[in-house]
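These are my notebook entries on a set of look-ups in one structure. I begin with a single residue and then turn to backbone geometry, domains and the contact between chains.

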Amino acid sequence: MPSQLTILVVEPDKTRAEAIIDSLAATGDHQIRVLAGHTGLARSVAEMNPDIVLVDVTNPSRDVIEELTLASSPLERPVAMFVDRSDDSITKAAIEAGVSAYVVDGLRADRIQPVMDAAIARFHMFSRMRAELEATKRALEERKIIDRAKGILMRARGLSEDEAYALIRKTAMSQGKKIAEVAQALVTASELLS
Amino acid sequence: MRIQPLTVGFMPLVDAAPLIIARELGFAEEEGLALTLQSGPSWSTLRDRLVLGQIEAAHMLAPVPVAMALGLGGITTPLDALSVLSVNGNVIGVSNQIAARLRDAGFTPDFRNAAATREALTSVSGALRLGVPFPFSMHAELLHYWLAGGGNTDPKALDIRTIPPPLMAEAIAANEIDAFCVGEPWGSITVENGGGELLLPSNAIWKFAPEKVLAARTDWTAANPELTGRLMRAAWKAARWLSDTSKRSTAADILAWPEYLGLPAEILERSLSGHMILSRHSPVRHVDRMVVFHDAAATFPWKSQAAWIGARMAQRFGLDPTNAAHKATEVFRTDLYRQHLAPLGVDMPGASGKVEGALALPTPVASDNGTLILGPDAFFDGRAFDPTPFG
């Protein structure tokens with residue numbers, strides 16, 4: 001685990017906030033900022049661009065959870081949320097909103113490090129899954145275009161599927177273009193002509 | 001953790017995957033690196049950019065840092081091989097004319113038997129013009145080992161020409177060369193373009209040959225231990241991700257992006273999955289360990305691999321083999337590998353060198369966690385290379 005993190009803590013209780021800072025400082029040379037209230041969270045997140053956000057809320061409503069989560073940008077960084085009490089629907093709302101760790105029974109200074117580690121690991125796992133999904137989607141879009149271009153060539157020139165693909169590929173190589181670009185140009189041109 | 005920018009060079013090859021995946025799937029970011037990947041036109045350009053400090057690290061042919069340590073090739077700036085990025089991954093192909101002559105002689109390539117293929121090839125042709133990506137490359141070393149035998153060889157025994165990988169398919173189609181050894185996907189591209197046929201995977205010559213290394217200047221790694229460690233860990237994690245067979249098509253899709261290889265994912269997936277197509281209309285051949293990124297301690301920069309490269313080069317260029325092998329071992333930084341990958345719990349081998357070519361089968365070896373299995377790593381001629389005399 002990297003030992004120099006930028007950490008934003010939302011903690012209304014001053015005594016607890018101090019205990020948390022002490023506990024965090026014991027684990028590394030971190031840059032820590034504490035917010036006493038929820039207001040201004042989005043602005044602080046934008047200014048500080050923290051590596052992780054830790055939010056302590058005593059008795060959250062569903063609205064508060066969603067607002068806090070949104071303000072912490074949980075798709076860009078791990079967010080760990082600590083609550084005193086919770087019910088299933090609020091837990092579910094928090095997880096669905098993208099919180100990396102949701103801990104009932106409050107923010108305790110002595111176990112903050114393992115929770116942070118788990119939140120960071122979980123965040124990386126989910127962002128990797130998103131990246132893999134994006135890559136697959138991008139490839140699928142390209143293949144759809146190539147399939148449409150193949151279909152156009154097969155109809156217009158009476159080619160087999162393999163021949164149509166070979167022609168697109170040959171054209172792309174001889175023009176120094178990507179196959180998807182040539183396919184897209186063909187699809188666009190055929191739409192204009194039809 | 002402050003995100004640090006880092007520029008790393010690569011050649012458009014399937015075995016650049018650990019760096020590309022490290023960037024695209026967030027392994028670099030996880031280590032606090034904003035990785036910029038810069039594609040190079042040739043290996044000499046990549047080496048020069050590294051030496052001049054235009055890039056901080058590079059995807060590099062394993063023999064290049066060794067050649068520089070031996071004073072070969074004109075540039076002698078010390079480089080470190082921090083880890084092995086890939087093992088195997090090259091193919092040997094021939095022109096359509098040579099392929100036709102082999103067929104006429106009744107030879108059908110089995111894409112496996114290096115000795116029989118060499119015999120058939122030498123019986124149908126005289127001196128071949130051979131294309132390799134760089135004079136200091138596993139391609140050149142393996143071709144010499146295969147065609148000129150394991151013993152002392154005259155450096156001029158083979159007619160070897162340097163052609164950057166992306167130009168290999170054109171060179172053989174234009175009859176500038178008769179055969180090549182090149183990294184994927186450029187062999188498969190030759191097949192797709194109808195410019196030639198594939199004869200052997202490079203692992204038919206040596207079953208577990210180090211291919212690319214993660215290279216950086218020695219003065220840079222000494223001055224930037226933290227960044228060195230981050231880069232090594234990001235590449236190692238990406239290599240582990242690549243070893244999951246269910247990720248192959250996603251990996252091929254990402255490598256296919258225009259900023260990386262810009263080639264059809266289907267062609268890139270052939271070597272990643274080991275399902276190779278040798279010629280147009282030929283059935284698929286399965287090759288075990290066509291390219292390896294992680295398994296069997298593939299990433300460990302074995303001193304014995306470096307010694308093999310150093311000793312082979314010494315023979316060809318008329319240097320003292322013992323001295324050359326010893327200098328080569330200092331380039332492969334097992335010390336940095338152990339230091340920077342220890343935080344990830346990577347199972348480290350007990351020794352930093354081994355007898356190369358000794359394992360016919362997967363074999364458990366002494367390691368920190370007791371989970372390490374090495375091999376097979378045999379040479380096609382059954383010889384073994386003992387690095388002990390080179391220390």
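**Entry 1. A helix-end leucine.** I looked up B:Leu147 and found it in helix α7 of chain B, which covers residues 138–147. The model is predicted, and I read every value below as computed from it. Is B:Leu147 buried or exposed? Its relative accessible area is 19%, and B:Leu147 therefore counts as buried, the cut-off being under 20%. I then asked which residues B:Leu147 touches, leaving aside those up to four places away in sequence. They are B:Arg118, B:Leu130 and B:Leu158. I also checked B:Leu147 against B:Glu119: the two are 28 residues apart in sequence, and their C-alpha atoms are 9.3 Å apart in space.

**Entry 2. Cis peptide bonds.** I recorded a cis peptide bond between B:Glu184 and B:Pro185, with omega at about 15°. B:Pro185 sits in the loop that runs between β8 (179–183) and α9 (186–193) of chain B. I noted another cis bond from B:Gly375 to B:Pro376, where omega is near 0°. B:Pro376 belongs to the segment after β15 (373–374) of chain B.

**Entry 3. Positive phi outside glycine.** I looked up A:Ser73, which is not a glycine yet has a positive phi of about 50°. I located A:Ser73 in the loop between α3 (62–71) and β4 (79–83) of chain A. Its relative accessibility is 23%, so A:Ser73 counts as partly exposed. In chain B, I found that B:Ala296, likewise not a glycine, has a positive phi of about 55°. B:Ala296 lies in the loop between β13 (291–292) and α14 of chain B. How is B:Ala296 classed by accessibility? At 12% relative accessibility, B:Ala296 counts as buried.

**Entry 4. The two domains of chain B.** I noted that chain B is divided into domain 1 (4–87 + 210–259 + 293–350) and domain 2 (90–208 + 271–289). The C-alpha centres of these domains of chain B lie 25 Å apart. In the contact between them, 34 residues of domain 1 of chain B meet 32 residues of domain 2 of chain B. I read the area buried between the two domains of chain B as about 2800 Å², with 68% of it from carbon and sulfur atoms. Which three residues of domain 1 of chain B supply more of its buried area against domain 2 than any other three? They are B:Trp308, B:Arg312 and B:Arg316, which supply 26% of that area.

I next searched this domain interface for charged and polar pairs. The rule finds one salt bridge across the interface of domain 1 and domain 2 of chain B. I also looked up the pair B:Arg316 and B:Glu141, whose side chains meet in a salt bridge at 2.5 Å, N to O. Between the two domains of chain B, I counted five residue pairs in polar contact. On the side of domain 1 of chain B that touches domain 2, the elements that each supply at least two residues are α3 (43–52), α4 (63–69), β10 (210–217), α12 (248–255) and α14 (303–317) of chain B. The largest share of that side, eight residues, comes from α14(B). By class, that side of domain 1 of chain B has 23 nonpolar, five polar and six charged residues.

**Entry 5. The contact between chain A and chain B.** I then turned to the two chains, where 20 residues from chain A and 22 residues from chain B make up the contact. Chain A and chain B bury about 1800 Å² between them, and 50% of this is on carbon and sulfur atoms. In chain A, the residues that lose the most area to chain B are A:Arg128, A:Glu132 and A:Arg138, together 30% of what that side buries.

How many salt bridges does the rule find across the interface of chain A and chain B? It finds five. I looked up the pair B:Glu192 and A:Arg169, whose side chains meet in a salt bridge at 3.4 Å, N to O. I counted six residue pairs in polar contact between chain A and chain B. On the side of chain A that touches chain B, α5 (112–157) and α6 (161–175) of chain A are the elements that give two or more residues. The most comes from α5(A), with nine residues. By class, I recorded eight nonpolar, five polar and seven charged residues on that side of chain A.

Technical notes. Residues are numbered from 1 along each chain as its sequence is written. Chains are lettered from A and ligands numbered from 1 in the order in which they are written. This is a predicted model: local features need pLDDT of at least 70, side-chain atom pairs count only at pLDDT 80 or more; totals for chains, interfaces and linings use all residues. Side-chain values use heavy atoms; hydrogens and water are left out. Contact means heavy atoms within 4.5 Å. Buried area is the accessible area (1.4 Å probe) that two parts lose on being put together, summed over both. A salt bridge is a side-chain nitrogen of Lys or Arg within 4 Å of a carboxyl oxygen of Asp or Glu. A polar contact is a pair of N or O atoms within 3.5 Å; within protein, one must be able to donate a hydrogen and the other to accept it, and residues adjacent in sequence count only if both atoms are side-chain atoms. Helices (H or I, at least four residues) and strands (E, at least two) are DSSP runs, numbered from the N terminus. Ala, Val, Leu, Ile, Met, Phe, Trp, Tyr, Cys and Pro count as nonpolar, Asp, Glu, Lys and Arg as charged, and the others, Gly among them, as polar. Domain bounds come from an automatic or database domain assignment. Buried means under 20% relative accessible area, exposed over 50%, partly exposed in between (1.4 Å probe, protein chains only).
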